[in-house]
Amino acid sequence: MANDRRGDAHGAPADRELLSAADVTRTIARIAHQIIEKTAGDERAVLIGIPTRGAVLARRLAAAVGEFSGTTLEVGSVDATLHRDDLRRRPARALEDTEVPEGGLDDRLVVLVDDVLMSGRTVRAALDALADHGRPRAVQLAVLVDRGHRELPIRADYVGKNVPTARDEQILVLLTETDDVDGVRLRRGPTPEGAPAS
Amino acid sequence: MKHLLSVTDLDAATATGLLDTADRLKQALLGREVRKLPTLRGRTVVTMFYENSTRTRVSFEIAGKWMSADTVNVSASGSSVSKGESLRDTSLTLSAMGADCVVVRHPASGSAHRMAAWADRAAVGGGGESTGTHTSIVNAGDGTHEHPTQALLDAATLRDRLGAIAGRRVAIVGDVLHSRVARSNVFLLATLGAEVVVVAPPTLLPVGIAQWPCRVSPSLDAELPALDAVMMLRVQAERMHGSFFPSSREYAVSYGLSQARAALLPDHAVVLHPGPMVRGMEIVPAVADGPASAVLAQVSNGVHVRMAVLYHLLAGAPE
Amino acid sequence: MNTELLITDVRPYGGDAVDVLVRDGVVAELGAGLDAPEGASTLDGGGHVLLPGFVDLHVHLREPGGEESEDIATGSAAAALGGFTAVFAMPNTDPVADTAVVVEHVRRRGEEVGLVDVHPVGAVTVGLEGAKMAELGTMAGSRAQVRMFSDDGRCVNDPLIMRRALEYASALDVVIAQHAEDHRLTGGAQAHEGVVASRLGLAGWPATAEETIVARDCALVREAGAALHVCHISSARTVEVLRAAKAAGVRVSAEVTPHHLLLTDGRLTSYDPVNKVNPPLRTAADTRAMRAALAEGVIDVVATDHAPHAAQYKDTEWQAARPGMLGLQTAFSVVVHTMVEPGLLDWRGVARVLSERPAEIGRLPDQGRPIAVGEPATFALVDPEAQWTVRGAALASRASNTPYEGMRLPGVVVATVLRGTITARDGKVQT
């Protein structure tokens, strides 16, 4: 997903910074604390990221959880592409990694992680993909940015930052692992043709 | 990608993309309770086989079903085909019925190309408007021309076992003249950067092979020690009656993969065979079932590669 | 017929403009500024080139038995529109033209249509099966006056049968036209044996299958003292065999088709069977050799091998498609494009390869004659400057299997005149 954010990782001059690199680190730390609190020492809880940046965030969150609580949570990823409801609206897209931890997902608490929550359609697809891999005890959702415009009854359990946006704006989430820099920016102009609505 | 007719339709990036998709699909299905993806729900895939091939037909059928496509099998016997209906009429009929994809195996070289031409013509009405039918054609083997998904699954297997294809040396041994598998493999492996060596009796080498992206070698024994992989082609019994070689015994002695020959291969080398194997002729059982053999991996990779092909042809918006 | 026709402002063989007065089908006067006699019809030649009417030694008119692809009426129309005044209809019909009954039928149908002299070619062997000689003498002596025999579509492959046919023919003043293809070497062949076919997985038709039969037949005809004509030469190596045979005094003549002058096997990659023909399209080096041999005279004539096939026989998979392509209406243009424009043939040369030599080989006394007073008024009037775009559906043949679809070609046949009667004019048949 979100290939459009890769080509101009450092943002165009018109971009407005929503979170600085330090803000991103702080936000991830805050979500990690909330996860520790809500999962209450459940060592079998698992963080599953939605590629690409959700998977990066899941790894960062796991590291932060480990640092703050000493509990090492397992991490995985689930590519939701094959379950999307908008496949036929654009040319076939490349698939991303799916890595389910040893031992599967049955009866475990899964924290699904993505970068931006918008329509909720990606999360819906990811929930379907998860269901094919097993039956979790419960699924929670963590996102770095919630920008509104929901099209499905989906709500995040952990939100880094709520950002009211217009539909013709883009949220650019940049992470060092994929974009060489951390930050969240707001860009004027509609999401490029064909990009999925998060 | 509208059709998959020949490996020459694929540049290195597209071919690698298909192999990557196949890997991801394999990963997505690994350890699943439900081996079914909703991706091609509501799409219809017809397999139309004018030659028997349980292996390829079933592989496509499973690939379709695992992605929730509706798969329909048409075999040449027991259909209007046996009543003398032309390939064109059968093909247009399937398009008109709404087949999103027709996977075809046919004894005539170029049949898939012809079906694609008919399908493309049917997609455009008299006034140049779209008729709403978009049938993708997948070549599952046309005469002695090509078998592109076989070459893709062979490439997937080699990439798995050797870590990469570029720079690896692969020998293709046997009846290259009549082999669609050989044609697809020579050109696809060359596209992916492999060094391809062809070993065959001169009577079973195509005219003009000097212009193919491969080297021809007269001696299998001389090549074996430096190979990363060797692909043995099936030798059909009828070739013996066409004076292509004197006897199966002489063929096996010169070109068969015996245990002694297999011992000349480096330890990491992979043995491939597209199947069905003629054991004792081009390959002995101990080698076919030995540790170097990737024959069964080829079969399981076949399903994932064919899923990847169907995914790229059918999942996205029509071009 | 017994009227007068004044053809004004034409350039015989591309020379100076003259008028031609035709009376009773014969050239009565030839010169500048002729006056039209009262009651004479006129044809404005527009300064175009006047040639003797074309003679095609090799067409398939499909009648009887193949009328869904062509019949003698539609084939005659295509011939007249292409500038032809005589055609030789090959015997691979259903029934085969291997008896006097069938050849007389073809001849009579040709006369009824009246657009072009249709000369039936008789089969060399019964049913074209290559086993038993057909009644050559009866066909030659019939009303059809058969002067050419051929098993075209099949080779007279058996050397003994070929030898006997040549010996027998030597007493009849007829020519045996051989389809040179050693079938033992072309079993299942689908395309020229070369780089293209091997990549496409099409079984190869090796050039040696043509070369060896021509070499063998040249040796046989030398002994037999008969006349041999070789159909549709396609390979450069066959040219060398012919050159040697002719130098040694063998009575052999040869034809090349327009498609073997122009088209190559590079067209096969689409697998569109419109390009399937026998002998197959070969390489660019072969087309160059064909052109050079035609200019030099090693190859005597251009013959079309006009082979109509209805769509159901052509719009199929390659292997199932019948070989053959339309040729009558595009032959002149292809000759202009491949021979005249590059300077390989002048208009005298075109008259030689499309009219004079074919008439000699086919033993037609009143075709391929000089443009002169007292000679038959049998002409093709052509505009070499004009261009046209080939559209199969617009051709006169019942089938539309032209490989030149959409191609822009030079050279337009303005009018065709057969013994003083205009048979085609401005792209329309005159009936």
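How many residues of chain A are in contact with chain B, and how many of chain B with chain A? In this predicted model, 19 residues of chain A meet 19 residues of chain B. Sorted by class, the chain A side of this contact comprises seven nonpolar, five polar and seven charged residues.

Two pairs of chains are in contact, and of these chains B and C share the most contacts. Chain B contributes 20 residues to that contact and chain C contributes 16. On the side of chain B that touches chain C, helix 3 (87–96), helix 4 (111–122) and helix 6 (180–191) of chain B each supply at least two residues. Helix 4 of chain B gives the most, with three residues. By class, this side of chain B has five nonpolar, 11 polar and four charged residues. Chains A and C, by contrast, are joined by no contact, and their closest C-alpha atoms lie 26 Å apart.

Turning to the individual chains, chain A holds four helices and eight strands. Read from the N terminus, its elements follow the order β-α-β-α-β-β-α-β-β-β-α-β. Of the 198 residues of chain A, 44% count as buried. Among contacts in chain A with a separation of 6 or more, 72% come from residues 24 or more positions apart.

In chain B, five strands make up an open sheet with parallel pairing, in the order 7-6-5-8-9. Its edges are strand 7 (215–217) and strand 9 (270–272) of chain B, each of which pairs on one side only. Neighbouring strands of the sheet are turned by 25° against each other on average, with direction ignored. Within this arrangement, strand 5 (residues 169–173) and strand 6 (residues 195–199) of chain B pair in the parallel sense over five bridges. Ile172(B) stands opposite Val198(B), a residue of strand 6 of chain B. As a general point, strands of a sheet pair through backbone hydrogen bonds, in either a parallel or an antiparallel manner.

Helix 5 of chain B (residues 148–162) offers a simple geometric check. With 15 residues at 1.5 Å a residue, a span of 21 Å is expected, and because the end C-alpha atoms of this helix are 21 Å apart, the model agrees with that expectation. The helix is mostly covered, as 12 of its 15 residues are buried. These buried residues include Pro148(B), Leu152(B), Leu153(B), Asp154(B), Leu158(B) and Arg159(B). Just after helix 5 of chain B, Gly163(B) adopts a positive phi of about 85°.

Helix 6 of chain C (residues 208–224) can be examined in the same spirit. Its 17 residues reach 24 Å from the first C-alpha to the last, close to the 24 Å expected at 1.5 Å a residue. Which residues of this helix of chain C are buried? Among them are Ala209(C), Ile213(C), Val214(C), Asp217(C), Cys218(C), Leu220(C), Val221(C) and Ala224(C). For background, an α-helix has 3.6 residues a turn, so residues three or four places apart point the same way. The buried residues of helix 6 of chain C pack against two other helices of chain C, helix 4 (159–169) and helix 7 (236–247). Their partners also include strand 10 (175–178), strand 12 (204–205), strand 13 (227–230) and strand 14 (252–256) of chain C. Gly225(C) follows helix 6 of chain C and has a positive phi, near 70°.

Methods: Residues are numbered from 1 along each chain as its sequence is written. Chains are lettered from A and ligands numbered from 1 in the order in which they are written. This is a predicted model: local features need pLDDT of at least 70, side-chain atom pairs count only at pLDDT 80 or more; totals for chains, interfaces and linings use all residues. The expected span of a helix is 1.5 Å times one less than its number of residues. A residue is buried if 20 or more other C-beta atoms lie within 10 Å of its own, exposed if 12 or fewer, and partly exposed in between; C-beta atoms are placed from the backbone. Two residues are in contact if their C-beta atoms, placed from the backbone, lie within 7 Å. Ala, Val, Leu, Ile, Met, Phe, Trp, Tyr, Cys and Pro count as nonpolar, Asp, Glu, Lys and Arg as charged, and the others, Gly among them, as polar. Two strands pair if DSSP finds at least two bridges between them. Axes are lines fitted to C-alpha atoms, for helices over the stretch in contact, and angles run from 0 to 180 degrees between N-to-C directions.
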